[in-house]
Amino acid sequence: MHTLITPLSGWGRYPVQTCELERPERYADLRSDVARLIARGQGRSYGDAALNENGRVLLTERVNRLLEFDMQKGILRAEAGMTLAEILEVIVPRGWFLPVTPGTRFVSLGGCVAADVHGKNHHHDGSFGDHVLGIELILADGSHVMCTPAEKPELFWATVGGMGLTGIIGEVKLKLIPIFSDYVQVRHHVADNLEQLFRLMQDSAFDDRYTVAWIDSMARGAQLGRGIAMCGHHATEEEFRPGFRNPGKPKRSRSIPFNFPALMLNPMSISAFNALYYRRAGGKREPFLSGYAPYFYPLDAIGNWNRMYGKRGFVQYQCVIPEAAAFEGIKRLLQELSDSRRPSFLAVLKRFGAQGKGLLSFPMAGYTLALDMPIRDEGLFTLLNKLDEVVLQYGGRVYLAKDARLSAESFRAMYPRYDEWLKIKNSVDPQNRFSSSLSRRLGVGQIGIGGTRE
Amino acid sequence: MSEAVLILGATSAIARATANAFAARGNALYLASRDADELRRIAADIHLRYGVEVHHGLFDAEATDSHGAFLKSVVTAMPKISGVVLAFGYLGDQQAARDFSVGAKVIAANFTGAASILSHCANYFEPMKSGFIIGISSVAGDRGRQSNYVYGAAKGALSLYLQGLRNRLHPSGVRVITVKPGFVDTAMTYGLPGLFLVASPQAIGERIVHALGKSADVVYLPWFWRYIMQIIRHIPEPIFKRMKL
């Protein structure tokens with residue numbers, strides 16, 4: 001099979017590294033016979049999780065077949081390259097939905113497992129891995145193993161959130177949730193500052209199955225952390241009005257055709273946009289029905305929106321602060337951000353429930369903040385290191401699927417179950433064959449930085 | 001049961017895209033190839049995504065002796081077969097020109113095997129006075145070039161064969177369409193240097209099904225390859241032989 005050597009990047013378009021790509025079309029061609037190998041689905045992790053500088057990247061996009069779908073029980077089995085968008089097309093008309101979904105549907109099933117992604121419902125339903133019934137994993141020695149929460153549970157929970165470093169995820173079996181309609185009943189609640197926003201999100205009277213808050217990252221002083229909590233649930237039979245046409249659906253999707261000039265997103269334009277959005281979205285006081293796509297995947301309507309951040313790309317900084325100190329920690333982070341006068345086009349706050357069993361999984365009980373930061377200069381990385389310190393101080397962690405710059409030391413401090421994970425990784429991949437630019441940056445499997453090799 | 005289409009060489013990217021496009025129209029399918037595991041996966045996928053009936057069975061283009069029995073088993077499983085897409089092909093590599101044992105395989109897969117199964121298909125459709133045969137040839141068959149002339153010769157022969165077959169079956173009302181794709185983004189071409197205007201398999205698959213509703217006998221995909229090949233065919237040989245194509 002031919003390979004393609006080409007510069008490659010994640011969704012954030014930073015960093016850009018030369019990788020050797022291989023794109024199998026047959027399941028049997030998902031092979032682990034190369035040293036330095038990482039699988040890549042849709043390339044929607046932001047940093048270097050699916051990059052392999054001077055190594056092999058195995059594209060799974062063509063190994064995307066749906067193998068089983070039990071319409072009675074809502075159980076589906078598919079090859080890891082299948083995207084959530086493709087899955088939704090099949091399951092939604094039949095009354096089923098994804099149990100957990102990230103903010104884009106253009107991600108692969110395998111990627112969702114490897115990053116143990118979360119949605120707006122983590123505080124109720126946990127993360128993606130909590131709904132996975134089984135994984136067929138292709139190990140370094142070429143063998144195919146089935147792991148489930150009951151069968152080889154150690155390998156299962158090392159693979160859920162394991163960033164593709166335990167083997168190639170070949171097939172995934174997933175439990176779906178039933179829905180009555182494909183609409184979501186949404187309510188917006190306005191908060192004038194961070195304190196109000198936290199009060200809203202903690203209040204079960206406002207909370208819903210899906211809750212997410214948009215924060216005006218440019219607001220300062222007394223308005224710091226002002227935002228809108230957007231709560232929703234799948235519309236019930238009573239809420240669903242027959243004849244209602246989903247206003248968001250027939251819209252033609254648009255695409256950003258080229259890299260925007262870096263200056264287009266500046267503190268002034270973002271402030272203006274945020275103020276406008278705050279008033280517009282905040283003006284919707286009554287509950288309303290929304291199609292599932294505009295609610296869960298607003299940015300999917302704009303193809304290549306990552307080009308908005310210009311040629312140098314951007315970093316998405318997503319961290320979680322444990323429950324007890326969440327308000328204080330998030331406030332400190334927003335303060336740092338606001339003081340830096342670096343624009344963040346997007347700032348999103350979500351609530352997390354209890355930490356799951358995935359050994360390298362990101363979520364833990366608390367609040368998670370995500371910031372999109374365009375790369376203008378090296379100063380950004382100084383700021384982000386400062387944010388790491390704040391996160392560490394409050395006992396939180398940074399999300400690896402978004403990360404492009406965390407240090408090995410900070411990683412070790414943020415992920416205390418790493419040693420346990422590494423033991424399992426070493427037992428199935430003693431030569432550290434599965435490695436990525438991310439894993440090498442974080443010192444995974446290296447003596448000294450990344451912990452002991454056995 | 002809706003009208004069914006037999007896809008020969010069903011595990012290639014173009015074949016899969018073509019099968020998807022037929023399934024999206026509601027056609028039932030019979031998928032055939034050498035790879036049992038892939039057939040099972042693709043058949044399940046198409047059935048679950050489009051809700052159409054999908055059968056599959058083993059088929060080896062080079063095992064020409066088995067073709068008669070193969071077609072019988074297909075029409076037994078799906079009596080309403082209304083058309084065939086011949087989608088198998090084998091590019092080989094540079095070796096094919098120097099080493100005839102490799103070249104023979106290229107000819108066997110792309111031409112001999114195709115001529116064999118197509119003769120059985122033609123004999124089946126002719127008395128029924130209906131049906132279609134879509135043969136996926138290649139622009140490489142339009143002119144011999146040093147880089148892949150064994151493949152080109154086999155595909156060129158296939159194009160001629162389809163032309164003759166079209167002539168024979170026209171009175172019987174059986175459509176024969178020759179499809180000549182240019183560069184398509186498949187495993188066959190992935191990572192090859194010097195490709196341009198590369199089309200997606202999805203686009204090719206949709207256009208193949210679309211061609212059934214049109215009257216053209218020879219379809220270049222995408223369309224502009226007709227004009228590119230017209231130019232390439234008209235370069236005088238004394239000049240062409242000096243070119244590195």
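The following exercises, each with a worked solution, concern a predicted model with chains A and B.

**Exercise 1. Determine whether the radius of gyration of chain B agrees with that of a compact globule.**

Solution.
Step 1. Chain B has 245 residues, for which a compact globule would have a radius of gyration near 18 Å.
Step 2. The value for chain B is 17 Å, which agrees with that expectation.
Step 3. The C-alpha trace of chain B spans about 55 × 40 × 35 Å along its principal axes.
Step 4. Burial can be added to this description: 44% of the 245 residues of chain B are buried, where a buried residue has 20 or more other C-beta atoms within 10 Å of its own.
Step 5. Of the contacts in chain B between residues at least 6 apart in sequence, 67% join residues at least 24 apart.

**Exercise 2. Describe the seven-stranded sheet of chain B and the helices that pack on it.**

Solution.
Step 1. Chain B contains nine helices and seven strands.
Step 2. An open sheet of seven strands follows the order E3-E2-E1-E4-E5-E6-E7 in chain B, and its pairing is parallel.
Step 3. Strand E3 (54–58) and strand E7 (218–221) of chain B are the edge strands, each pairing on one side only. From one strand to the next, the twist averages 20°.
Step 4. One parallel pair illustrates the register: strand E4 (residues 81–86) and strand E5 (residues 132–136) of chain B are joined by four bridges, and Gly83(B) stands opposite Phe132(B) in E5(B).
Step 5. H2(B) packs on the sheet, where it touches strand E2 (28–33) and E3 of chain B, and its direction makes about 170° with that of E3(B). Helix H3 (residues 67–77) of chain B lies across strand E1 (4–8), E2, E3 and E4 of chain B, at about 160° to E3(B).

**Exercise 3. Identify which helix of chain B gives the most to the side that touches chain A.**

Solution.
Step 1. The contact between the chains takes 14 residues from chain B and 15 residues from chain A.
Step 2. Helix H2 (residues 36–50) of chain B gives the most to the side of chain B that touches chain A, namely eight residues.
Step 3. By class, that side of chain B divides into seven nonpolar, one polar and six charged residues.
Step 4. H2(B) thus appears in two settings: on the side touching chain A and packed on the sheet of chain B.

**Exercise 4. Analyse the contact between the two domains of chain A.**

Solution.
Step 1. The domain assignment of chain A gives domain 1 (66–178) and domain 2 (186–286 + 293–410).
Step 2. The C-alpha centres of these domains of chain A lie 24 Å apart. Their contact takes 24 residues from domain 1 and 23 residues from domain 2 of chain A.
Step 3. On the domain 1 side, helix H3 (122–125) and helix H4 (153–159) of chain A each supply at least two residues. The largest share, three residues, comes from H3(A).
Step 4. The domain 1 side of this contact in chain A has seven nonpolar, 13 polar and four charged residues.

**Exercise 5. State which strands of chain A pair with E12(A), and give a residue pair for each.**

Solution.
Step 1. Strand E12 (residues 183–191) and strand E16 (residues 288–291) of chain A run antiparallel and are joined by four bridges; Tyr183(A) stands opposite Gly291(A) in E16(A).
Step 2. Eight bridges join E12(A) to strand E14 (residues 227–234) of chain A, also antiparallel; the bridge partner of Gln185(A) in E14(A) is His233(A).

Note on methods: Residues numbered from 1 in each chain as written. Chains lettered and ligands numbered in written order. Predicted model: local features only at pLDDT ≥ 70, side-chain atom pairs only at ≥ 80, totals over all residues. Domains from an automatic or database assignment. Nonpolar A, V, L, I, M, F, W, Y, C, P; charged D, E, K, R; others polar. Pairing = 2+ DSSP bridges. Rg over C-alpha atoms; globule rule 2.2 N^0.38 Å. Buried ≥ 20, exposed ≤ 12 C-beta atoms within 10 Å, placed from the backbone. Axes fitted to C-alpha atoms, helices over the stretch in contact; angles between N-to-C directions.
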